[in-house]
Amino acid sequence: PTAIEIQIPITRPGTIRNLRVNAQVAGTGAATVTHTVRKNGADQTLTVGQSNTAAGLVSDLVNTFTVVAGDLVSVSIVKSGVVAAGQTGVIGTVDLV
């Protein structure tokens, strides 16, 4: 299947940092779920990974990247293996400073 990328336009210059992803309910199936922040369709170093069978908070508080007005930001979600049921109640945030 083809993924649809929803991009959010940035309205001011700054730095994107502090990716936090919280899965409220674990899934089943041995896979790693990787969330990567993207700028203008390209992966950035701001990324987190979590086992699909885990719940809870994961974060990347180290990596950052700069943006300017007009840049488009999105998040890629990739599963590394077979997922019988995915995590649910997943919420992700980043800071723009």
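**Entry 1: E5**

I started at E5, which comes out partly exposed, with 36% relative accessibility. I keep in mind that this is a predicted model. I then looked for a charged partner and found R38: the two side chains form a salt bridge, 3.0 Å from N to O. E5 sits in the segment before β1 (8-9) and R38 in strand β3, so this pair ties together parts 33 residues apart in sequence.

**Entry 2: R38**

Next I went to R38 itself, in strand β3, which covers residues 32-39. Is R38 buried or exposed? I get 17% relative accessibility, and the cut-off for buried is under 20%, so R38 counts as buried.

I also checked polar contacts, and the R38 and E5 side chains are joined by one of 3.0 Å. Then I listed what R38 touches, leaving aside neighbours within four places in sequence: E5, D43, Q44, L72, V73, S74 and S76.

**Entry 3: D43 and the network**

D43 was on that contact list, so I looked at its side chain against that of R38. They meet in a salt bridge of 2.6 Å, N to O. D43 is partly exposed, at 48% relative accessible area. Through shared partners, the salt bridges join E5, R38 and D43 into one network.

**Entry 4: the remaining bridge**

How many salt bridges does the model have? I count three. Besides the two at R38, I noted D95 with R20, where the closest N and O atoms are 3.9 Å apart. D95 is in strand β8 (residues 88-96) and R20 in strand β2, so this pair links parts 75 residues apart in sequence. I looked up accessibility for both: D95 is partly exposed at 26%, and R20 is partly exposed too, with a relative accessible area of 31%.

**Entry 5: the core**

I turned to the nonpolar side chains. The largest nonpolar core has 11 residues: I10, I16, L19, V21, V37, L46, V48, V58, F65, V67 and V73. Which strands supply at least two residues each? I found β2 (14-25), β4 (42-51) and β6 (65-67). Of these, β2 gives the most to the core, with three residues. As background, nonpolar side chains in soluble globular proteins tend to be buried together.

**Entry 6: V73**

I finished on V73, a member of that core and also a contact of R38. Not counting residues up to four places away in sequence, V73 touches I6, Q7, I8, I10, V37, R38 and V67. Among these, I10, V37 and V67 belong to the core as well, so my notes on the core and on R38 meet at V73.

Notes
Residues numbered from 1 in each chain as written. Predicted model: local features only at pLDDT ≥ 70, side-chain atom pairs only at ≥ 80, totals over all residues. Heavy atoms only, no water. Helix = DSSP H or I, 4+ residues; strand = E, 2+ residues; numbered from the N terminus. Buried < 20%, exposed > 50% of the residue type's maximum accessible area, 1.4 Å probe, protein only. Polar contact = N/O pair within 3.5 Å; in protein donor to acceptor, adjacent residues only side chain to side chain. Contact = heavy atoms within 4.5 Å. Core = buried A, V, L, I, M, F, W, Y, C linked by side-chain atoms within 4.5 Å. Salt bridge = Lys/Arg side-chain N within 4 Å of Asp/Glu carboxyl O.
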